[in-house]
Amino acid sequence: MSNTLLFSGSSNPQLADRVAKELNISLGNVDLTRFADGEARPWIQEDVRDKTVFILQSLSKPIDEYVMELVLMGDAIRRGAPRSMVAIVPYMGYARQDKQNRMGEPVSARVIAKFLEVSQFSELITVDLHNDAIVGFFQVPVTHLSALPLLADEIRSRNIPDGLIISPDVGGVRRARNLAYELDLPLVVMEKKRYLDKHDHSESFQIIGEVKGKHAVVIDDMISTGGTIVECAKSLVEAGATGVTVLVTHGVLSGQASQNLADAPIDEVVITDTIAIPKERQFDTLSQASVAPLIADAIRNIVQ
Ligand code: R5P
């Protein structure tokens, strides 16, 4: 790994540290400051010439600032003549805006993909995109990692009796089906209705299948407001589920999500560290699992 450098943006230095430890390297030095007017001013303090350089930055809140910081870090590194430069974006913000739901709206996920190209990254590593088709928005090779095996191991280690896997909406059926297959458990699907005129709001859950007397393991790609998971858990318990465990890759945890999850009829919420969860957003039923080994393996595959 002597010709490899890993830099961290401001969004998730904890994960970058864990990845560096997995690889037995130190993080590259970069000074991340801002001008008085808020403009990002990254300053790379390493010689990147002929090195394979990785920059880890999750596009979480404040997303627009983190996007800009990543692009500027990329530009600074490219000007130092690296051998290649790879963006590691464990959480790809804007991914839910992957299609035009109605006239007058942008396809934001595609715009972000194009924007990242400005800095001429040669590759991208990411985890559990909201929609696999987003890979096609990028011109460069994308290593699309799945946290599913990691989350499956979390469930295996808990020896939950009478478990079944729940997809909280029809869009997540493929993910839930893969987990059900991996754990050899039955699958139940819930139908969620969203209202386009109300941001971040979902209601109306219908359960397609039998959950009575079973422990429901709900899997989703992300928790933002928590509305989906909280309503889903309530419906499951009302329908006779004996317990609810939630598995999620990206803990966006907007607004009151942490409090709402803590108050919900949920035994445990397992979330990976693609997004840093600050102390004040952690809650008693939260467990964290790290994607650092996954990302470290992807880096090894690229540099070997
Ligand atoms: C939706 O398609 C996603 O898979 C998640 O279910 C959703 O984004 C979660 O959002 P919230 O926590 O705000 O309900």
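These are my notebook entries on the ligand site and one helix pair in a predicted model.

**Ground rules.** Residues are numbered from 1 along each chain as its sequence is written, and side-chain values use heavy atoms, with hydrogens and water left out. As the model is predicted, local features need pLDDT of at least 70 and side-chain atom pairs count only at pLDDT 80 or more, while totals for chains, interfaces and linings use all residues.

**Ligand shell.** I looked up which residues surround the ligand (a residue is near if one of its heavy atoms lies within 4 Å). There are 14, and Arg-96, Asp-220, Asp-221, Thr-225 and Thr-228 come nearest. I sorted the shell by residue class and found two nonpolar, six polar and six charged. For this count, Asp, Glu, Lys and Arg are charged; Ala, Val, Leu, Ile, Met, Phe, Trp, Tyr, Cys and Pro are nonpolar; the others, Gly among them, are polar.

**Where the shell comes from.** Strand 9 (187-194), strand 11 (215-223) and helix 6 (227-238) each supply at least two shell residues. Strand 11 gives the most, with four. Helices (H or I, at least four residues) and strands (E, at least two) are DSSP runs, numbered from the N terminus.

**Distances.** I checked side-chain N or O atoms against oxygen atoms of the ligand. For Arg-96 the distance is 2.8 Å, and for Asp-220 it is 2.6 Å.

**Helix pair.** I then turned to helix 1 (residues 13-23) and helix 8 (residues 292-303), which pack at about 55° with axes 9 Å apart. Axes are lines fitted to C-alpha atoms over the stretch in contact, and angles run from 0 to 180 degrees between N-to-C directions. Helix 1 and helix 8 are therefore oblique to each other. Angles under 35 degrees count as roughly parallel, over 145 as roughly antiparallel, 65 to 115 as roughly perpendicular and the rest as oblique.

Definitions and conventions: A polar contact is a pair of N or O atoms within 3.5 Å; within protein, one must be able to donate a hydrogen and the other to accept it, and residues adjacent in sequence count only if both atoms are side-chain atoms.
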